[in-house]
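User: Please go through this model with me, setting each value against the definition behind it.

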Amino acid sequence: MAIRGDAAGQAFALPTDPEPEMGAAAPRLDPARARMRRLPDPKPLTQHGPARIIAMCNQKGGVGKTTSTINLGAALVEYGRKVLLIDLDPQGALSVGLGVPAQNLDRTIYNALMERRTSLKDVRVSTDIPGLDLVPSNIDLSAAEVQLVSEVAREQTLLRVLADVRDEYDYILIDCQPSLGLLTVNALTAAQGVVIPLECEFFSLRGVALLVDTIEKVKERLNPELEISGILATMYDARTVHCREVFSRVVEAFGDTVFQTVIQRTVRFPETTVAGQPITTWAPTSTGASAYRDLAKEVLAL
């Protein structure tokens, strides 16, 4: 799935587009439903690895990055894939969302990045989902961004660390922090694909152009293999004119780069955080669980 060449320019133009104000002319039909097509079932694997590395990235917070990382990973496991989740956010939300008390751990992703004698195998932990492993994070990681500045090839630190475990997994999903700092650049340098969770809200749309520009710079200067795997619409509510029109504008700007799967608003997601489980096990028959299974099919088809 390739991003259209003029997407960044169109995204920049959206806020100043001389069309009616947001909500003034809403489509009568749900634009997300209109894009729905049957997704093929994934083919079974005969062996595992090497992993495809995907960064879940958006510099805006609260758009569903962590929720999507957890549930996409769990859905991929349901289709027979081995998945490693990397928590690259000092807030440690990914670890908390899987019930791992990262604040009490002696070794986390920080140690793997900053200590040459510590590998990812030393800090990864198993989750309650067989086939789904986690490299946890806590507040210690906030120091890494400062310490990495003086390192040689500092943007490639995570890439070197991942080399030890890449052959053991089919997918490695990196939950990035809500910024475009050095840790996020490390994730983009290590990744082959980027999934951009995007809340269906107007101000979220304005920030996508900046992120796309950063991705293009990383691709040009550090990682020629990097591509945008897809844009994932989150917190979608088809009942509101605003959500429908924002989604329509995202599709207009980015075309087929937008996943057909949309993640709708539901009270189930906050419940899963408290439970420390993916929605695929906490509420396996819910619409949220079905959506992430569909997203996994789309990711597997890339």
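Analyst: What follows is a short exchange on confidence, compactness and packing. The model is predicted, so local features need pLDDT of at least 70 and side-chain atom pairs count only at pLDDT 80 or more, whereas totals for chains, interfaces and linings use all residues. Residues are numbered from 1 along each chain as its sequence is written, and side-chain values use heavy atoms, with hydrogens and water left out.

User: What is the average pLDDT of the chain?

Analyst: With pLDDT being the predictor's confidence in each residue, from 0 to 100, the chain averages 87, and 91% of the residues score at least 70. Over residues 4–27, however, the pLDDT is below 50.

User: Why is the chain called as compact as a globular protein of its length?

Analyst: The globule rule is 2.2 Å times the number of residues to the power 0.38, and the radius of gyration is taken over C-alpha atoms. For 302 residues the rule gives 19 Å, and the chain has a radius of gyration of 19 Å, so it is as compact as a globular protein of that length.

User: What makes a set of residues a nonpolar core?

Analyst: Such a core consists of buried (under 20% relative accessible area, 1.4 Å probe, protein chains only) Ala, Val, Leu, Ile, Met, Phe, Trp, Tyr and Cys residues joined through side-chain atoms within 4.5 Å. The largest one here has 57 residues, and Ile109, Leu120 and Ile174 have the most contacts inside it. A second, separate core has 31 residues, including Met56 and Val299. Buried residues make up 53% of the 302 residues in the chain.

Conventions: Contact means heavy atoms within 4.5 Å. Buried means under 20% relative accessible area, exposed over 50%, partly exposed in between (1.4 Å probe, protein chains only).
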